[in-house]
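User: I'd like to learn how to read a protein model feature by feature. Can you walk me through one?

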Amino acid sequence: MTKMRKLLSLMLVLALIAAVFGLVGCKTTEPEETPEESNIEEPANLGTLTPGKIIVGSDTAYPPFESVEGGKIVGFDVDLATAIGELLGQEVEFKTYNFDSLIAGLQANTEFDMVASAMTITDERAKEVNFSNPYIDSNQSLAVPADSKVASTDDFKKGDKVGVQSGTTGEKWAQEQLASKGVTVVPYENIIAAFQAMSAGDVAGIVNDIPISQNIVKDPTRNAKIVQTIETNEQYGFAFNKGNTALRDAFNGALADVISSGKYSEIYQTWFGAEPTSIPK
């Protein structure tokens with residue numbers, strides 16, 4: 001009888017073990033919950049030094065295109081590049097450099113991704129960098145002291161001094177058109193320094209892009225006036241390293257959108273106080 005009880009107990013234990021394993025085997029595994037997919041698109045890979053950010057090299061002493069106010073870089077180029085960056089899902093950061101070092105810095109591709117600095121598109125520069133589509137029209141101009149009798153560059157004589165900004169198309173024009181007549185062309189690091197020199201009597205006039213000089217002479221403390229528009233039919237473009245066509249192409253597409261949406265005109269009015277008379281194509 002004892003053996004029978006032991007046998008029954010053993011069979012009961014085995015039955016319980018089988019039942020437990022059976023339940024385990026039949027248990028269904030709930031699928032792991034996957035996190036909800038984000039609707040936020042990742043910024044496009046535009047080959048920039050820092051993913052998601054476009055670092056811009058600029059001569060920030062060139063109002064109203066770029067200047068430093070209260071420690072912040074502001075201006076037409078800044079607002080336009082920022083608006084384009086927003087469409088591309090990119091943060092835009094401006095950094096200050098001398099104008100005549102911008103192309104070399106862009107080619108080095110170590111500190112900034114592009115140039116936005118009221119840079120005129122020229123065949124010579126296009127050999128070294130890629131330009132965006134033009135975004136503004138410009139000419140050169142002659143600015144002189146408010147009490148000057150000079151009415152045009154034709155009034156300069158041998159020995160007179162004319163200020164320019166180093167590395168600009170204004171310097172190139174002055175060297176080609178004035179230096180040959182014996183006028184001394186004096187380059188300055190930035191255009192503000194050139195106007196300061198004219199105020200101090202160091203130069204008799206300044207050849208420079210007309211939108212910038214127009215903005216500078218509005219300040220009565222400059223005691224200067226513009227007496228001549230020099231027709232050079234220039235256009236400004238954003239500049240890019242030749243190895244990064246993706247960024248250039250993306251900028252062109254977004255620039256077209258900013259223009260068509262009316263945002264370009266809004267930015268233009270902010271910095272020039274009027275509707276643009278023409279939008280480059």
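Here is a short dialogue about this model.

User: What should I keep in mind before starting?

Analyst: This is a predicted model, with local features needing pLDDT of at least 70, side-chain atom pairs counting only at pLDDT 80 or more, and totals for chains, interfaces and linings using all residues. Residues are numbered from 1 along each chain as its sequence is written, and side-chain values use heavy atoms, with hydrogens and water left out.

User: Let's start with sheets. In what order do the five strands of the open sheet come?

Analyst: First the vocabulary: helices (H or I, at least four residues) and strands (E, at least two) are DSSP runs, numbered from the N terminus. Two strands pair if DSSP finds at least two bridges between them. Here the open sheet has the order 4-1-5-12-6, with mixed pairing. Its edges are strand 4 (91–96) and strand 6 (130–131), each of which pairs on one side only. Strand 1 (residues 53–58) runs parallel to strand 4, and six bridges join them. One pair to look up is Ser 58, whose bridge partner in strand 4 is Thr 96.

User: Which strands is strand 8 joined to by bridges?

Analyst: Strand 9 (residues 184–188) is a parallel partner, joined to strand 8 by five bridges. There, Gln 165 stands opposite Tyr 188. Strand 10 (residues 205–209) also runs parallel to strand 8, with two bridges between them, and Val 162 faces Gly 205 across that pairing, standing opposite it.

User: How is strand 8 connected to strand 9, and which hand does the unit have?

Analyst: Think of a crossover as right-handed if, with the strands pointing away from the viewer, the path from the first strand over the helix to the second runs clockwise. Strand 8, helix 5 (residues 169–177) and strand 9 make a β-α-β unit of that right-handed kind.

User: Why is strand 8 described as largely enclosed?

Analyst: You need the accessibility classes: buried is under 20% relative accessible area, exposed is over 50%, and partly exposed is in between (1.4 Å probe, protein chains only). Strand 8 (residues 161–165) has four of its five residues buried, so the rest of the structure largely encloses it.

User: What does the loop between strand 8 and helix 5 offer?

Analyst: Try Ser 166, which lies in that loop. It is buried, at 18% relative accessible area. A polar contact is a pair of N or O atoms within 3.5 Å; within protein, one must be able to donate a hydrogen and the other to accept it, and residues adjacent in sequence count only if both atoms are side-chain atoms. The side chain of Ser 166 makes one of 3.0 Å with the side chain of Asp 100. For plain contact (heavy atoms within 4.5 Å), leaving aside neighbours within four places in sequence, Ser 166 has Phe 99, Asp 100, Glu 171, Pro 187 and Tyr 188.

User: And Ser 138, is that residue buried or exposed?

Analyst: Ser 138 is buried, with a relative accessible area of 5%, and sits in strand 7 (residues 136–145). Its side chain makes a polar contact of 3.1 Å with the side chain of Tyr 236. Not counting residues up to four places away in sequence, Ser 138 touches several residues, including Asp 209, Pro 211 and Thr 232.

User: How many salt bridges are there?

Analyst: The rule asks for a side-chain nitrogen of Lys or Arg within 4 Å of a carboxyl oxygen of Asp or Glu, and the count comes to five. Among them is Lys 157 with Asp 160, at 3.7 Å between the closest N and O atoms; Lys 157 is exposed at 55%, whereas Asp 160 is buried at 18%. Another joins Arg 248 and Asp 249, at 2.7 Å. Arg 248 is buried at 18%, and Asp 249 is partly exposed at 44%.

User: What separates Glu 266 and Lys 263 along helix 9?

Analyst: They are three residues apart in helix 9 (residues 263–272), which means a separation of about one helical turn. Their side chains meet in a salt bridge of 3.3 Å, N to O.

User: Last one: how do I check the length of helix 2?

Analyst: The expected span is 1.5 Å times one less than the number of residues. Helix 2 (residues 76–87) has twelve residues and should span 16 Å; its end C-alpha atoms are 17 Å apart, which agrees. Its buried residues, including Phe 76, Val 78 and Leu 80, belong to a set that packs against strand 3 (72–74), strand 4, strand 7, helix 8 (245–261) and helix 9. Just after helix 2, Gly 89 takes a positive phi of about 70°.
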